[in-house]
Structure formats: structure tokens, C-alpha cells
2 protein chains.
Amino acid sequence: MGQGMSKSNNVYKDAYNRCLRLLDETRSLPSEPELGALLGVSRTTVRSILARMEETGLIAWNKRAKTVLRDPHPDDFFPEEETDTLAEIIERSFMRRLLAGGAEAGMQINELELAREIGVGTTSVREFLIRFSRFGLIEKRRNSHWVLKGFTRAFALELTEIREMFELRSAAAFTALPQDSPVWGDLDRLEGEHRVLAREIATRFNEFSELDERLHRLIHRASRNRFIVDFYDVIAMIFHYHYQWNKAQERERNEVAIGEHLAYIEALKSRDLGKVDAACRRHLKSARQTLLTSIPESRPPQKS
Amino acid sequence: MGQGMSKSNNVYKDAYNRCLRLLDETRSLPSEPELGALLGVSRTTVRSILARMEETGLIAWNKRAKTVLRDPHPDDFFPEEETDTLAEIIERSFMRRLLAGGAEAGMQINELELAREIGVGTTSVREFLIRFSRFGLIEKRRNSHWVLKGFTRAFALELTEIREMFELRSAAAFTALPQDSPVWGDLDRLEGEHRVLAREIATRFNEFSELDERLHRLIHRASRNRFIVDFYDVIAMIFHYHYQWNKAQERERNEVAIGEHLAYIEALKSRDLGKVDAACRRHLKSARQTLLTSIPESRPPQKS
DNA sequence: CTAATGTCTTTTATCGTGAAAAAACAGTTT
DNA sequence: AAACTGTTTTTTCACGATAAAAGACATTAG
């Protein structure tokens with residue numbers, strides 16, 4: 001099916017699904033521009049959504065009046081997999097191959113083959129590879145193919161080295177922020193969420209990764225340096241797949257991490273540079289350890 | 001002209017030009033694979049080159065025998081501008097616009113317009129923007145346009161902050177390299193070239209930038225960290241355009257920088273961490289100053 | 001007269017296509 | 001038989017075209 005397909009309408013489908021969830025809460029929808037702002041899409045997309053909602057009898061739509069007629073049914077939703085960006089699909093597919101073994105370092109990456117395998121055009125794959133190259137896992141040979149550098153121990157060490165450098169500096173900058181900065185409020189809120197999660201860790205341990213990212217991003221932002229802030233994308237991406245990949249002792253690991261986070265937050269609030277430094281180092285060290293244990297040990301260099 | 005053009009043959013033209021320069025030195029050319037390795041292109045391209053050289057009477061070509069018949073004439077060469085990569089063309093064009101003023105921060109970037117203006121396809125522009133985004137000068141709005149962040153004072157400060165962090169660490173790693181590492185030889189050679197240039201600074205001052213890049217890259221490589229090494233691309237790119245842009249007191253600036261480099265090299269050779277740190281800091285501080293003075297002062301934020 | 005809706009235009013995202021260049025394969029020469 | 005040349009196949013690079021989505025403009029409602 002669909003061989004001449006030019007562009008998927010995932011933006012529309014995703015926004016439609018999110019709009020459906022809104023329906024439960026109100027008896028009538030707001031204006032088109034307002035809805036657009038709420039869903040993060042243009043009015044054009046909003047109108048497509050409204051048109052379909054009218055068609056399927058979810059709402060009655062006449063100019064400004066958008067009255068909800070019935071609650072959404074499970075199969076009013078578009079299937080999850082149709083709401084993903086092409087970039088997400090390609091990334092997932094690529095990472096699956098990379099982590100599922102058989103992906104030796106030095107192996108060459110074939111754009112055409114990847115594109116065919118995933119069922120997308122070569123342009124999209126090319127653009128993905130260019131974007132992905134900043135993560136340091138692949139490299140381009142001048143006017144030739146891409147080469148896989150591999151998700152190795154060396155990679156993890158290089159990544160964490162930078163991470164530690166950046167985060168120590170950001171954490172120090174954090175303590176220097178004025179008392180009336182909104183970050184202190186954000187920090188308090190995060191602390192609260194950590195405490196709640198710590199209490200319910202038995203059932204909700206998998207919600208930690210999201211909290212982890214939010215805390216570290218808040219701290220990195222204090223550096224006010226775009227290169228430091230952007231670098232967190234690399235870390236986030238790696239940890240995202242790492243969490244999915246390594247489920248061993250997830251609960252215990254997250255429980256420990258929450259404890260470290262709380263100590264870290266405490267240190268930040270004390271504004272004592274020495275304490276901050278110590279708490280930050282302690283947490284990053286254990287994060288590095290966790291990452292390293294999930295990577296298969298590489299053979300020591302052979303003497304021939 | 002050329003509206004259905006699919007791919008320029010700049011690889012061929014550039015390699016052809018470089019091959020012409022080889023002709024002066026020998027009476028006959030080596031084998032096809034050897035020539036390919038020498039020029040950094042595939043044998044397919046080598047054969048195209050040889051075919052044309054035969055056509056234009058530069059060589060007689062019969063299987064293994066490739067005898068040079070005459071010296072190349074200036075108009076045997078392809079014009080310089082036809083040997084550039086599309087990526088180079090787009091980058092130059094883009095940077096010219098950016099530096100030539102009128103490029104306010106926050107301005108939106110239009111792919112189609114850029115493509116038309118430069119006379120290339122939209123795909124190439126898109127791929128360029130994706131690649132270029134890692135330099136921190138532009139940013140993408142989710143499923144919408146690109147936004148220019150501007151070549152501002154803030155940018156220069158953020159860039160140099162990272163640079164200083166990375167280079168101090170690399171320089172420290174450098175001193176820890178074993179005595180038999182080839183870097184010490186490289187360093188000696190660079191020192192020699194610096195001394196020669198220092199002597200002939202009056203006429204050759206514009207050759208400094210290349211030397212500068214080679215020294216700093218050598219040092220950064222000692223970090224053995226791909227993120228640090230790759231980050232030098234950002235620095236190199238910025239300084240490349242900065243050198244073209246700001247010609248004021250170029251000779252004096254470069255003379256000072258050579259002095260700093262020599263002191264820096266001396267410190268590295270002494271393997272004294274304290275000296276290295278001091279020399280590195282001194283040089284980076286003046287490099288930052290040079291960069292900052294070339295950026296027009298931004299107005300302080302208005303109170304309204 | 002402001003803020004919405006209705007309509008039209010522009011821009012982005014993605015594909016298939018074809019030429020340039022690389023790479024693989026097959027046949028020769030020394 | 002090792003290394004080269006001749007030939008064929010693959011892969012990368014760049015384009016124009018087209019649907020999705022954004023954005024601009026014109027019109028109308030409150």
C-alpha cells in the first residue's frame with residue numbers, strides 16, 4: 001500500500017489523539033487559535049481535527065460553537081504507531097539493530113539498505129544519519145559511506161567524562177543563581193516529586209528516568225551555555241536506550257539514584273559549593289557505573 | 001543553465017586538477033589503484049581523469065603505459081569554483097549573509113528561499129542546515145522553520161568557555177603522554193614551523209591560521225575523547241570565518257599569537273603541569289579577546 | 001474594532017528518479 | 001599468482017515534484 005506517499009500526517013493524527021483526551025473534560029471546545037496553541041499545531045491542523053470530529057459525530061461544529069456530543073470511544077483514537085515522526089521510527093529501528101548485537105565496530109552503514117529495511121526514502125535516512133552523527137556513534141567517510149563506531153566501553157567513558165565536566169560546572173553555576181530565580185521553585189517541586197516517588201518506589205520505579213532527565217536538564221540550564229545544554233541531548237538519548245536495554249535491578253538502581261538526587265538537591269539548596277561538588281560527583285560516579293555495567297566487556301587488545 | 005542537473009562532478013574535477021600538478025614531476029603515471037589512493041578517489045574517477053588527459057593530449061594511455069606527453073597548460077585546469085563541494089558553496093553563501101549584517105538574531109530562515117538564492121535544491125540546503133546546527137548558530141522549531149540565533153557576543157563567550165575547558169584538559173593529558181609517543185615529534189616539527197614563520201612574519205603572516213589549527217588539533221587529540229576532538233570543528237569553523245572577516249591588525253595579532261604558541265609548546269615540552277596551565281590560559285585568553293573585539297557590541301537589554 | 005472564522009499562499013517533509021562516484025567482479029598481463 | 005586493467009553493479013548525492021502543515025490574508029461575527 002501507499003507507494004507514492006509523500007508525507008505522513010502524523011502531526012495531525014497525534015494532535016487528534018491528544019485532542020480526544022481533552023474532550024472528556026469539557027462540554028465545548030475553545031476557539032481554533034486557542035486549540036492550536038494548546039496542541040502545539042497550526043490552525044490548519046486544528047481545522048482538520050475538528051472536521052473529522054464532526055464527521056465521526058464527536059462534536060457538533062458550527063463556526064464558533066463546538067459542542068461535545070459524546071465521549072470518545074477507544075477506537076476513535078488513531079493507532080499509536082501512526083503518530084510517530086519518521087525520525088523517531090528511523091531512530092528506533094537503527095538503535096534496535098545497534099543494540100541487538102551483530103553490530104561490530106567498524107562495520108559500514110548502508111543508506112539504501114537501511115531505507116529499504118525500514119520502508120522509507122533514502123533522503124530521510126540520510127538526514128537521520130547526519131543528525132545522529134553528533135552522538136558520536138557513527139562517522140562519515142569523505143564522499144563515501146558511514147562507519148559504525150559502536151556502543152563501546154570507550155564511548156561510555158568519553159561520554160561520561162564530558163558529562164561530569166559539564167555538570168560540575170553547571171551545578172556550581174546553579175548555586176550562584178539569585179534567590180529570586182524561578183529555578184529554586186522548580187527545584188522544590190522536583191524535590192517533592194522525588195519524595196513521592198521514593199515512597200511509591202515499589203510500583204512506580206520506571207517513572208524515575210523522566211524525573212532524572214528533568215533534574216539534570218534544570219541543572220545544566222544554569223550554565224547558560226548552549227553547548228552544555230545541547231550536550232544533554234546526547235546523554236538523554238543514550239540513557240533513554242540504556243534504560244530500555246538494561247532492566248536488571250532497575251528498581252534497586254533507581255531507588256539508590258533517588259537517594260543520591262535528594263542529597264544532591266539538598267546540597268544545591270544549601271548553596272555550599274563543597275557539598276554540591278561532593279554530591280554531584282557521587283551521583284555521577286554511580287550513574288557512570290550503571291552505564292558501564294550494561295555494556296559488554298570488550299576484549300583486551302591482543303598481543304600478536 | 002543546467003536545470004536538470006543531478007549531481008555535480010566536483011570530485012572528478014578537483015582530483016583532475018590535483019593530478020595535473022603531479023604531471024610536472026614525472027614522465028609517467030603510476031597504476032590506477034595507486035593513483036586512486038594518492039588522490040583519495042575511486043578508480044572509477046581515476047579512469048575518467050586518465051580518459052580526459054588522453055583526449056586533451058596530455059598523456060598517451062595504453063593499458064599500463066601512461067606516458068606524459070606535455071606539461072599542463074594553465075587552461076587545462078578546471079576553474080577553481082567548479083571544484084567546490086555543494087556543502088562548501090552553501091556554507092560560504094550562508095556565512096556571507098550571516099556576517100554581512102542584516103542578519104538579526106531571531107530572524108527566521110527559509111529553506112526554499114536560500115536554495116533559490118544559491119541556486120541549489122532544497123534537500124541540499126536542508127542537509128546543510130542540519131549539519132550546521134551543531135555549531136549553535138541556528139535552531140530548529142519543531143515541525144516548522146529554522147531560527148537564526150546570531151553571531152553574538154554571548155555566542156563567542158559560550159564557545160570560548162567550552163574551548164578553554166576542553167583545551168586545559170587536553171593540554172594536561174598531553175603532558176602525560178609517554179616519551180616515545182609520536183606527538184612529541186609532531187610538536188617539534190610544529191615548533192620549527194612556528195620559528196620559521198616568526199622570522200618571515202612580515203610577508204607570511206596570513207599563513208598563521210593554518211598553523212594555529214594544526215597545533216590546537218594536535219593538543220585536543222591528546223584528550224582521546226571524540227567529543228572534545230569533534231568540538232574543535234566548531235572552533236575551527238568560527239575562527240576560519242573570523243580570520244576572513246576581521247583583518248584589522250592581523251599581522252600584529254598573529255605575531256603575538258606565535259609568541260604565545262612558542263611559550264605554550266615550551267611548557268608542554270617541559271611537562272610541567274603548572275607551566276602548561278599558565279601558558280594555555282594566557283594564549284586562550286588573548287584568543288578570546290581577539291574574537292570578542294571582532295563582534296559588534298550588542299545593545300544592552302531595553303527597559304520598557 | 002477586536003477576535004474569531006473562512007480562504008488562499010507559502011513552506012516543510014518525503015518520495016522517486018537519475019547522474020556521479022564507489023565498489024565488486026571478471027578477465028589479462030607480466 | 002600477484003597486480004593490473006576492463007566491465008558491471010551498488011551506493012551516494014542532488015534534484016524536482018507533491019502532500020502535509022504552517023502561515024498570511026480576507027471576511028465576518030459579536
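Two strands pair if DSSP finds at least two bridges between them. I kept that rule at hand while going through this predicted model.

**Entry 1: the sheet in chain B**

I started with strand 4 of chain B. Three bridges join strand 4 to strand 5 (residues 146–148) of chain B. The count meets the rule of at least two bridges, so I noted strands 4 and 5 as a pair. They run antiparallel. Which residue is the bridge partner of Lys140(B)? I looked in strand 5 of chain B and found Trp146(B).

Then I took the whole sheet. In chain B it is open, has three strands and follows the order 3-5-4, with antiparallel pairing. Strand 3 (108–109) and strand 4 (138–140) of chain B are the edge strands, and each pairs on one side only.

**Entry 2: the sheet in chain A**

I turned to chain A. Here I found an open sheet of three strands, in the order 3-5-4, paired antiparallel. Why is one side of strand 3 and of strand 4 left without a neighbour in the sheet? Strand 3 (108–109) and strand 4 (138–140) of chain A stand at the edges with a single partner strand each, so one side of each has no neighbour there.

I checked strand 3 next. Two bridges join strand 3 of chain A to strand 5 (residues 146–148) of chain A, and the two run antiparallel. Ile109(A) stands opposite Trp146(A) of strand 5.

**Entry 3: the two copies**

I looked up how chain B maps onto chain A. A rotation of 180° with 0.0 Å of shift along its axis superposes them, with an RMSD of 0.1 Å. The two copies are thus related as by a two-fold rotation axis. The same surface serves both: 100% of the contact residues of chain B recur in chain A.

**Entry 4: DNA strand C**

How many residues surround DNA strand C? I noted 42, and the closest are Arg43(A), Arg47(A), Asn143(A), Asn110(B) and Arg126(B). Of the DNA strand C atoms that come within 4 Å of the protein, sugar and phosphate account for 70%. By class, I listed nine nonpolar, 19 polar and 14 charged residues on the surface near this strand.

I then picked out single contacts. The side chain of Arg43(A) has an N or O atom 2.4 Å from a base oxygen of DNA strand C. Thr45(B) has a polar side-chain atom 2.6 Å from a phosphate oxygen of the strand. With Glu32(A), a polar backbone atom is 3.0 Å from a phosphate oxygen of DNA strand C. Among the elements that give two or more residues to this surface are helix 3 (43–55) of chain A and helix 3 (43–55) of chain B.

Definitions and conventions
Residues numbered from 1 in each chain as written. Chains lettered and ligands numbered in written order. Predicted model: local features only at pLDDT ≥ 70, side-chain atom pairs only at ≥ 80, totals over all residues. Heavy atoms only, no water. Helix = DSSP H or I, 4+ residues; strand = E, 2+ residues; numbered from the N terminus. Least-squares fit on C-alpha atoms with pLDDT ≥ 70 in both. Contact = heavy atoms within 4.5 Å. Near = heavy atom within 4 Å. Polar contact = N/O pair within 3.5 Å; in protein donor to acceptor, adjacent residues only side chain to side chain. Nonpolar A, V, L, I, M, F, W, Y, C, P; charged D, E, K, R; others polar.
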